[in-house]
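Open the structure in your viewer and keep the selection tool ready. We will make a few stops along the chain.

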Amino acid sequence: MDRILIRGGRRLNGKLPISGAKNAALTLMPCGLLTDEPLTLRNLPRLADVDGFGHLLNQLGASTTIEGSRPEDFGRVMTIRAGQLTSTEAPYDIVRKMRASILVLGPILARAGQARVSLPGGCAIGNRPIDLHLKALEAIGADLEMSAGYVTATAPGGRLSGGRYRFPVVSVGATENVVMAAVTASGSSRIENAAREPEIVDLCRCLVAMGARIDGIGTETLEIEGVAELHGATYAVMPDRIEAGSYACAAAVTGGEVELTNVDVASMGATLTALREAGVGIEERRDSIVVTSDGQLRPLTLTTAPYPGFATDMQAQFMAMLCKAAGASVLTETIFENRYMHVPELARMGADIQVRGRTAVVKGVDRLVGAPVMATDLRASMSLIIAGLVAEGETSVARVYHLDRGYERLEEKLSAVGADIERDGGG
Ligand code: UD1
């Protein structure tokens, strides 16, 4: 199994291109199921999760063709053609490996009038139920039946009616699912307390490009007027704000100067604010950010929250960075339970972190020391890479497949800005 080997202590310097956003890609791809015309997505990241989602679409009867597969191409172009769905089922084997597969539920239901999707089960960062996805779909007219670990959703008469739903808790995935299902309903829908993440804005814009009618995009109330059918479109996936934030933390902790290019600066507010508070220089340009640091970082108090708050997907990377701050930081995780699995691994590298319930107190240390560590989930893995970049000696990160789910060509991008990092296939 692959490992990533890092010899720490090098300052990062240079330009680092940011890929298309994984989480946007995973909600834009299922939009291809909503029409019998081609949907072409540009700036698609080259990631295991995107490939996995492509296989799922293929199983449902959609074809996926990819251009730009040369190793030197960043940003692929995928055309999804779902002339006809040959299956309306997302099986356990796929959903269990990739939780985002649940995002086909709304589109299949809208297109075919019926969908059968495996319940995802547990995952590394907590329980992650799908009750809100189901309640929202029910509110816009779906009949639901659960049996043998699957949910079967049916639209009476073959088409959803539309309706009103207020989320009791903000959910990114459930908002995406209900929006994708509501766009072709026979009536209108009103979704309140909707998630406002930039990836949801990206989804809504793509749907509008396909002929959907959605008001309130980017706000917590989405009003959707159902249309008879959607048509094909070409749409560019937004840049990955979490990837950009991760590399910003890496640049900051190594005391480097890195220009992150192809960035959606407006989507990165809370991350940039936190970096500035930590003493990191941030220069915002039109579609790039220059991160400058002398490696002297101030401690922070951060609490994760739905957008526009500080993203739970940035918590682990900030924690790694703050291990080198001058003083104690307090991080509170409010979105997922069990999202501190990187803490014992960081401790093996010399970090001083105490976790009590949802709060972690990170006391800055003078030095981190390289060690063999194990990745546990996607963002936790990135925190180990960040720690490895600043640690003395060699760090080897095992279970690299977690990183491959969400970071395109990590070692290539980091080597290009001066990191001593490589992939070892034999470990
Ligand atoms: C998405 C992102 C993930 C990010 C998360 C929060 C994708 C593919 N993944 O995940 O990277 O960390 O948003 O920004 O886009 N919940 C329920 N019932 C539900 C759904 C969610 O109780 O039916 C809870 C979850 O357990 C969690 C909270 O709601 O505590 C937020 O989860 P949600 O926003 O749905 O996250 P995901 O869409 O799974």
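The tour of this predicted model visits two loop residues and then a helix.

**Stop 1: Leu119**

Select Leu119. It sits in the loop that runs between β7 (114–118) and α5 (131–139). Is Leu119 buried or exposed, or something in between? Its relative accessibility is 25%, so Leu119 counts as partly exposed, since buried requires under 20% and exposed over 50%.

Now show the surroundings of Leu119. Setting aside neighbours within four places in sequence, Leu119 touches Tyr92, Val95, Ile130, Met146, Gly149, Tyr150 and Val151. Pick Met146 from that set. Draw a distance between the C-alpha atoms of Leu119 and Met146: expect 9.1 Å, across 27 residues of chain.

**Stop 2: Ala311**

Move on to Ala311. This residue lies in the loop between β18 (301–303) and α10. Ala311 counts as buried because its relative accessibility is 13%, and the cut-off for buried is under 20%.

Which residues does Ala311 contact, leaving aside neighbours within four places in sequence? Select Arg241, Ile242, Thr304 and Ala305. Then add Thr271. Its C-alpha atom is 7.8 Å from that of Ala311, and the two are 40 residues apart along the chain.

**Stop 3: helix α10**

Follow the loop of Ala311 to α10. Select residues 315–322 for the helix. How many of its residues are buried? The count is 8 of 8, so α10 is mostly covered. Step through them: Gln315, Ala316, Gln317 and Phe318 are buried, and Met319, Ala320, Met321 and Leu322 are buried too.

Notes. Residues numbered from 1 in each chain as written. Predicted model: local features only at pLDDT ≥ 70, side-chain atom pairs only at ≥ 80, totals over all residues. Heavy atoms only, no water. Buried < 20%, exposed > 50% of the residue type's maximum accessible area, 1.4 Å probe, protein only. Helix = DSSP H or I, 4+ residues; strand = E, 2+ residues; numbered from the N terminus. Contact = heavy atoms within 4.5 Å.
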